[in-house]
Amino acid sequence: MKLIRLTMAVTALMPLFAQAQQSWREVDWGNLIVRAGGTYIHPRGDATSLQYPILQNWDLFRTRWDFDSDTTWNLSVAWQPMDHWGFELMHIFNAQYDIQLSRFTGIPGRDLIELGKFEVTTSNAFINWYPLQPDCLGRPYFGVGVNYTDFRDMQLSHDFNRFLIDSDVSTGPADFNMGYSWGWAAQVGVDFTYSRSTPWLANVAVLYLDSDTNTRITFPTELGYDHLRAKVDYDPWMLNLSIGYRF
């Protein structure tokens, strides 16, 4: 008897299940765009001079960090559930930098020393606003969001290690660390489509990231360990040139 009642109940609910499935398929989920391309990165690169936790190392006083721009790759996924609003996740792959300290006075006859090298990866999340309609061949957008910047693969140069040892600051090789950063992000971009029937598009975007970190150079001493530290304003401008596909 119970089996008969269960069968009748399932039979009665089947049209509702079918209607719900049909309604789900008819929902307009918007556009999904996947982009990949190249990124040119121009960091601000300002930093305080390396110093002890309390005192100043006078050989490093007023030194300036110098590192150039770099190019790398980007990958992004943008979801546009509404005509004028969307969400975007973006990853900027490894950018590599060599750091030099100018205004250096620790070695007679030299005012420049190589500090080391590091790599940077950046992950971003944006909310984008599209002022034009989806059927426009060129769609500009403005985005704000957050970024996570990971400073990795730090290597202190042989010259700087040698300077620390020769000047009796350190008794052995030092360790170089730059950590990570959370900050805000902004972008202005435009998607170009060749025709309304093709899913392919080209993208140009300019980004600015707020990214600051604390650098620490830890080294052994006769009494244990000590460190030098500095604050670095990475704060890069980025130019993305990408090819995308709309699903």
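**Helix α2 and its surroundings**

Trainee: What comes right after α2?

Mentor: Asp168 follows α2, and its phi is positive, near 60°. Helices (H or I, at least four residues) and strands (E, at least two) are DSSP runs, numbered from the N terminus. The model is predicted, so local features need pLDDT of at least 70 and side-chain atom pairs pLDDT 80 or more, while totals for chains, interfaces and linings use all residues. Residues are numbered from 1 along each chain as its sequence is written, and side-chain values use heavy atoms, without hydrogens and water.

Trainee: Which residues of α2 are buried?

Mentor: Phe160, Asn161, Phe163 and Leu164, within a helix that covers residues 158–166. Buried means under 20% relative accessible area, exposed over 50%, and partly exposed in between (1.4 Å probe, protein chains only).

Trainee: Why are they on the same side of α2?

Mentor: Because they cover an arc of only 160° around the axis. The arc is taken from the directions from the helix axis to the C-beta atoms.

Trainee: And what is on the face turned away from the buried side?

Mentor: His158 and Asp166, which are exposed.

Trainee: What do the buried residues pack against?

Mentor: Strands β5 (85–102), β6 (112–129), β7 (138–156), β11 (212–221) and β12 (224–233). Contact here means heavy atoms within 4.5 Å.

Trainee: Switching to strands. How do β11 and β12 pair?

Mentor: They are antiparallel, over 10 bridges. Two strands pair if DSSP finds at least two bridges between them. β11 and β12 form a hairpin, with two residues between them.

Trainee: What is the bridge partner of Thr218 in β12?

Mentor: His227. Thr218 of β11 is also the bridge partner of Asp175. Three bridges join β8 (residues 175–177) to β11, and these strands run antiparallel.
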